[in-house]
2 protein chains.
Amino acid sequence: MKCVTCGEPAIIDIKRHNAGFCAHHFIEHVHRQVERAISSFRLFSENDRLLVAVSGGKDSLALWDILNSLGYNAEGLYLHLGIEGYSDRSQQKAEAFATREKLTLHCIDVQKETGFSIPGLAHRVRFEPCSVCGTVKRYFMNRFAATHGFDLILTGHNLDDEAATLLGNLLHWQMGYLGRQSPLLPQKTGLSGKAKPLVRLTERETAAYTVVRGIDYIIEDCPLSKGATSIGYKEALNMLENLSPGTKHHFLLGFLKRGKALFPGDTPQLSPCKNCGQGTTGEICSFCRIIEKAARNDSD
Amino acid sequence: MKCVTCGEPAIIDIKRHNAGFCAHHFIEHVHRQVERAISSFRLFSENDRLLVAVSGGKDSLALWDILNSLGYNAEGLYLHLGIEGYSDRSQQKAEAFATREKLTLHCIDVQKETGFSIPGLAHRVRFEPCSVCGTVKRYFMNRFAATHGFDLILTGHNLDDEAATLLGNLLHWQMGYLGRQSPLLPQKTGLSGKAKPLVRLTERETAAYTVVRGIDYIIEDCPLSKGATSIGYKEALNMLENLSPGTKHHFLLGFLKRGKALFPGDTPQLSPCKNCGQGTTGEICSFCRIIEKAARNDSD
């Protein structure tokens, strides 16, 4: 297999584009896909102050590196979730990358801020860890972006993530979620805007990108995420992708182009949380309710 | 595992209903699911003259048997497609069942009618056999129903078939197909109405039903259907069903209840084919065009 651009030996074969690439032109391909996502979905401009949600995994580090290479001004935010061993190791990866690339990484220690780690919180409020974790991360990312003047939070969600979410929403006909699923979630009352510049790249491509760019990332999955239903959706889609390369791409991009508009985009009415001020559909946001409940159970 | 109705040992465990059944109550369960489909989708009434499209496989024979048991007046139509060995063997199964149950089975030999077998036609017109077969079956079923005064053609499409079709239509965002997919396709210009009374039953349940009822059916798949994409869709859905029983049911039934109405139901304008009179979007229907093309290629 040869590179489709220069004819040198290819290091990766991307079936859905019917193309192989050498290392140099693979990097170029990745950058082009991200630029295309940024422009076609009008995600942001060079004047925006961007905050990358950095987990230390391949997707978020690849995203930060790509933005940096493309000349965007993006700082990173790492949230230490207090997951034994895993959180320390992933923070080290994020810090090592930031140091190497001379980028600004901000770190927040959730346990220091709230008094609880994610496993501790989940245990106390008896919720699924992934659900508690999502709420906590959303809260701290929004708070940090608001208090530090960032225009947009960027996450490393890739094509596999977004196609899996879409499949899950369709299997359950989650009309509201389907109307809202997008690579760009606009700013709302007390909540920052969010964008997903990697929607045109698969997990396999972001992993290969970090390898080619010599980026060291945390390979292990979060120990709390085992058995997550999204993994099943990804496996099913990978099976279909193997049978017909391009399936995931056409499924997600076709939805964004033709399907999405059909679903009621009923963005729920938000008002500021009476406790913290972040947008919520109730009086008190879910983050504040979780912390309150955990503190109550703690003192029992 | 015990029967949920009588407490006797169960012969089948249906995870999505969280229930096991003995042979007697399994039959009752199957009948109830079909009656529910007939009434909730208003498929037909006892006064309708029903024609079952009988292939000799488990689904169509189970359907015919269920309708007969429920007291509906249904005759069968078998189409001999000229597929070597397979067509003869499946016709024998259909005839043996009709004889055993004292039901009326009509048979049409496609090769005698058109001069071509399905493999012969597909070869001559250079189309996919499954596509040619669908067109030919549709033509003869419609013609027979029209000339013999049947109100509705019934097919053995089950929950797996319909969920796989839905998944395929969503993966490609086939808006027109999504707007039309239904267990009941109403009568149109020169085309009979069609209904699918087995949409609430899985392949596994129709297979178990034929075993319990001692119905001998053709187990082998059609030799021309190998590698059909619908098989991949079924496998992906079965994987998800194993992870979360009820997935297929909620996916299809949720679509019919909440999703379908969102898609444009642009039923194409039909006019009678200038050759045969059956409804078509063009001047000459696809069946007549295929036969014409095959005859032309034959004389080359």
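Let's start with one pair of residues in this predicted model: A:Leu79 has A:Ile108, in strand S5(A), as its bridge partner. That pair belongs to a longer partnership, since strand S4 (residues 74–80) of chain A and S5(A) run parallel and are joined over five bridges. Strands of a sheet pair through backbone hydrogen bonds, either parallel or antiparallel.

**The sheet of chain A**

How many strands form the open sheet, and in what order? There are six, arranged as S5-S4-S3-S6-S8-S7 in chain A, and their pairing is mixed. At the edges you will find strand S5 (105–109) and strand S7 (184–185) of chain A, each of which pairs on one side only.

Two helices of chain A can be followed against this sheet. The table shows which strands they meet and how they are directed.

| Helix of chain A | Strands met (chain A) | Angle |
|---|---|---|
| H2 (residues 58–69) | S3 (50–54), S4 and S6 (152–154) | about 155° with S3(A) |
| H6 (residues 129–147) | S3, S4, S5 and S6 | about 140° to S4(A) |

**Two helices in chain B**

Now move to chain B. Helix H5 (residues 118–125) and helix H6 (residues 129–147) of chain B pack at an angle of about 115°, and their axes are 9 Å apart. The crossing of H5(B) past H6(B) is right-handed. On the H5(B) side, the contact is made by B:Ile118, B:Pro119, B:Leu121, B:Ala122 and B:Val125. H6(B) contributes B:Pro129, B:Val132, B:Cys133 and B:Val136. Sorted by class, this contact has nine nonpolar residues, no polar ones and no charged ones.

**Where the chains meet**

Next, look at the place where the two chains touch. Here 22 residues of chain B are in contact with 22 residues of chain A. On the chain B side, the elements giving two or more residues are helix H7 (159–171), helix H10 (229–243) and helix H11 (247–259). The residues on this side of chain B divide into 12 nonpolar, eight polar and two charged.

**How the copies are related**

Which rotation superposes chain B on chain A? A rotation of 180° does, with 0.0 Å of shift along its axis and an RMSD of 0.0 Å. The two copies are therefore related as by a two-fold rotation axis. To find that axis in chain B, look for B:Ala236: of the residues of chain B, its C-alpha comes closest to the axis, at 2.5 Å. Finally, 100% of the interface residues of chain B are also interface residues in chain A, so the copies meet through the same surface.

Conventions. Residues are numbered from 1 along each chain as its sequence is written. Chains are lettered from A and ligands numbered from 1 in the order in which they are written. This is a predicted model: local features need pLDDT of at least 70, side-chain atom pairs count only at pLDDT 80 or more; totals for chains, interfaces and linings use all residues. Axes are lines fitted to C-alpha atoms, for helices over the stretch in contact, and angles run from 0 to 180 degrees between N-to-C directions. Helices (H or I, at least four residues) and strands (E, at least two) are DSSP runs, numbered from the N terminus. A crossing is left-handed if the near helix is turned anticlockwise from the far one by less than a right angle, and right-handed if clockwise. Two residues are in contact if their C-beta atoms, placed from the backbone, lie within 7 Å. Ala, Val, Leu, Ile, Met, Phe, Trp, Tyr, Cys and Pro count as nonpolar, Asp, Glu, Lys and Arg as charged, and the others, Gly among them, as polar. Two strands pair if DSSP finds at least two bridges between them. Copies are superposed by least squares on the C-alpha atoms of residues with pLDDT of at least 70 in both.
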